[in-house]
Amino acid sequence: LLAASTTSIVSIISSDVFVVWTKKISSSLTDSSNSGKISPSENLSIFNFQGNIFLEVKYELEFPIHSSPQLLYQYISTASGLSEWFSDNVNSRGEYYTFIWNDSEENAKLVSKKTGEKVKFKWLDEDLKETEYYFELKIQVDEITNDVSLIVVDFSEEDELPENQLLWESLVSDLKHVIGSV
């Protein structure tokens, strides 16, 4: 059984852009596994005042990982760890990171870090200012079985969700190989 309600917030970003954030709040009375499945829970719509819309959907993926939380944390929280599986190379200066893939570079700021549990990076625009978009990597340990999972929170255009799910599946597969969790 599932009950849901929706909350929306509107923010004016500049004189020609505004954002509408919508969160679907649901409560489930049944247990369901979400391993590797997309579960959209939030929409972030960016509009300009000429009526154009850019829709990004927040989604969450869960991947079982056969590893200790401490080892996994090293691979999600350090530049050297991330360069082993997430991108070709990662450079960091304090809280600022540059992720490099082939000839492409993307900049992000580490905005949240809880030792042994999670990291959250906010993407930066070409002027190195924070955007509304981020990705978060969380380690979840089942209290009963001690099974470890990596929870990925990211944003995608709605029509690109399946492609982005496959991308994360490939990245996490690389991570599993690196840490010997295959």
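Leaving aside neighbours within four places in sequence, with which residues is valine 111 in contact?

## Valine 111 and its surroundings

In this predicted model, valine 111 is in contact with Lys120, Lys122 and Glu130, once its neighbours within four places in sequence are set aside. Valine 111 belongs to strand β7, which covers residues 104-114.

One of these partners, lysine 122, is 11 residues from valine 111 along the chain, and the C-alpha atoms of the two residues are separated by 6.5 Å. The relative accessibility of valine 111 is 35%, and because this value falls between the limits of 20% for buried and 50% for exposed, valine 111 counts as partly exposed.

## Overall architecture

The protein contains 3 helices and 10 strands. Read along the sequence, these elements follow the order β-β-β-β-α-α-β-β-β-β-β-β-α.

Of the 182 residues, 36% count as buried. The accessible surface of the protein comes to about 10800 Å², and carbon and sulfur atoms account for 47% of that area. Among the contacts with a separation of 6 or more, 43% are between residues 24 or more positions apart.

## Packing of helices α1 and α3

Helix α1 spans residues 69-77 and helix α3 spans residues 161-179; the two pack with their axes 11 Å apart and at an angle of about 125°. This angle lies between 115 degrees, the upper limit for roughly perpendicular, and 145 degrees, above which a pair counts as roughly antiparallel; α1 and α3 are therefore oblique to each other. Their crossing is right-handed.

On the α1 side, the contact is made by Leu71, Leu72 and Tyr75, while α3 contributes Leu175, Val178 and Ile179. By class, the contact of α1 with α3 has 6 nonpolar residues, with no polar and no charged ones.

## Asparagine 164

Helix α3 also holds asparagine 164. The relative accessible area of asparagine 164 is 17%, and because buried means under 20%, this residue is classed as buried.

Not counting residues up to four places away in sequence, asparagine 164 touches Tyr59 and Ser156.

## Two residues side by side

Valine 111 lies in a strand, β7, whereas asparagine 164 lies in a helix, α3. Valine 111 is partly exposed at 35% relative accessibility, whereas asparagine 164 is buried at 17%. The contacts listed for valine 111 are with Lys120, Lys122 and Glu130; those for asparagine 164 are with Tyr59 and Ser156.

How values were computed. Residues numbered from 1 in each chain as written. Predicted model: local features only at pLDDT ≥ 70, side-chain atom pairs only at ≥ 80, totals over all residues. Heavy atoms only, no water. Helix = DSSP H or I, 4+ residues; strand = E, 2+ residues; numbered from the N terminus. Buried < 20%, exposed > 50% of the residue type's maximum accessible area, 1.4 Å probe, protein only. Contact = heavy atoms within 4.5 Å. Areas by Shrake-Rupley, 256 points an atom, 1.4 Å probe, with all protein chains shown as cover. Axes fitted to C-alpha atoms, helices over the stretch in contact; angles between N-to-C directions. Parallel < 35°, antiparallel > 145°, perpendicular 65-115°, else oblique. Left-handed = near helix turned anticlockwise from the far one by under 90°. Nonpolar A, V, L, I, M, F, W, Y, C, P; charged D, E, K, R; others polar.
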